[in-house]
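The exercises below are to be worked with the sequence and the coordinates at hand. Each task is followed by a solution in steps.

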Amino acid sequence: QVQLVESGGGLVQTGGSLRLSCAASGTTLRMRSYTVGWFRQAPGKDRMFIAATRESTNNQYYADSVKGRFTVSRDNAKNTVYLQMNSLKSEDTAVYYCAAASGMILSSLSLQEQYPYWGQGTQVTVSS
């Protein structure tokens, strides 16, 4: 069974940075062959798309709310995808999830239902 494991969350002050990691666990899944999306769910709100790195092209896509502040990258040798978060704001406080899917088309990157594999989430809290 494919499992994704996020790590790197925590408490940070406004303006600070965190780097989240997403790794495959208990499987030979090669992350390089999957589109990996990042989503977040703030308290009392729906889970929302924030970023993705697409399989094959490795192009990155971002929601407007994080564009210019967050960066998605891959380390194929470590079979891990990262989300570097800079200039954090209080509204970035949320549980962050990574998800993976293969055969994704561009128009589906932000659609949660298109991702069959999910991590358990990691809490990010930004304090002012």
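**Exercise 1.** In which strand is Thr35 found? Determine also whether Thr35 is buried or exposed, and list its contacts beyond the neighbouring sequence.

Solution. The model is a predicted one.
- Step 1: Thr35 belongs to strand 4, which covers residues 35-41.
- Step 2: The relative accessible area of Thr35 is 0%. Buried means under 20%, so Thr35 is buried.
- Step 3: With neighbours within four places in sequence left aside, Thr35 is in contact with Thr53, Arg54, Glu55, Arg74, Ala99, Ala100, Ala101, Met104, Leu109 and Tyr115.
- Step 4: As for Glu55, its backbone nitrogen lies 3.1 Å from a polar side-chain atom of Thr35.

**Exercise 2.** Work out which side chains of strand 1 point to the buried face, and which strand pairs with strand 1.

Solution.
- Step 1: In a regular strand, side chains alternate between the two faces of the sheet.
- Step 2: Strand 1 (residues 3-7) shows this alternation: Leu4 and Glu6 point to one face and are buried. Gln3, Val5 and Ser7 point to the other face and are not buried.
- Step 3: Strand 3 (residues 18-25) pairs with strand 1 in the antiparallel sense, over five bridges.
- Step 4: Opposite Val5 stands Ala23 of strand 3.

**Exercise 3.** Describe the overall make-up of the protein. How many helices and how many strands are there, and how does the radius of gyration compare with the globule rule?

Solution.
- Step 1: The protein has zero helices and eleven strands.
- Step 2: The radius of gyration is 14 Å, close to the 14 Å that the globule rule gives for 128 residues, so the protein is as compact as a globular protein of that length.
- Step 3: Taken along the principal axes, the C-alpha atoms fill a box of roughly 40 × 30 × 25 Å.
- Step 4: Of the 128 residues, 44% count as buried. The exposed surface is about 6,500 Å², with 45% of it supplied by carbon and sulfur atoms.
- Step 5: Among contacts between residues at least 6 apart in sequence, 60% join residues at least 24 apart.

**Exercise 4.** Identify the members of the largest nonpolar core that touch the most other members, and the strand that gives the most to this core.

Solution.
- Step 1: The largest nonpolar core has 26 residues, and those touching the most other members are Val36, Trp38, Ile50, Phe70, Leu83, Met85 and Tyr96.
- Step 2: Elements that give two or more residues to this core include strand 5 (47-53), strand 7 (70-75) and strand 8 (80-85).
- Step 3: Strand 9 gives the most, with four residues.
- Step 4: Not counting residues up to four places away in sequence, Ile50 touches residues including Trp38, Tyr62, Val66, Phe70, Leu83 and Tyr96.
- Step 5: A second, separate core of nine residues includes Phe39, Ala52, Ala101 and Leu109.

**Exercise 5.** Locate Leu29 and Ser56, and classify each by accessibility.

Solution.
- Step 1: Leu29 is in the loop between strand 3 and strand 4. At 5% relative accessibility, Leu29 counts as buried.
- Step 2: The C-alpha atoms of Leu29 and Asn79 are separated by 8.5 Å, although these residues are 50 apart along the chain.
- Step 3: Ser56 is in the loop between strand 5 and strand 6 (60-62). At 73%, Ser56 counts as exposed.
- Step 4: Phi of Ser56 is near 65°, a positive value in a residue other than glycine.

Definitions and conventions: Residues numbered from 1 in each chain as written. Predicted model: local features only at pLDDT ≥ 70, side-chain atom pairs only at ≥ 80, totals over all residues. Heavy atoms only, no water. Buried < 20%, exposed > 50% of the residue type's maximum accessible area, 1.4 Å probe, protein only. Polar contact = N/O pair within 3.5 Å; in protein donor to acceptor, adjacent residues only side chain to side chain. Contact = heavy atoms within 4.5 Å. Pairing = 2+ DSSP bridges. Rg over C-alpha atoms; globule rule 2.2 N^0.38 Å. Areas by Shrake-Rupley, 256 points an atom, 1.4 Å probe, with all protein chains shown as cover. Core = buried A, V, L, I, M, F, W, Y, C linked by side-chain atoms within 4.5 Å.
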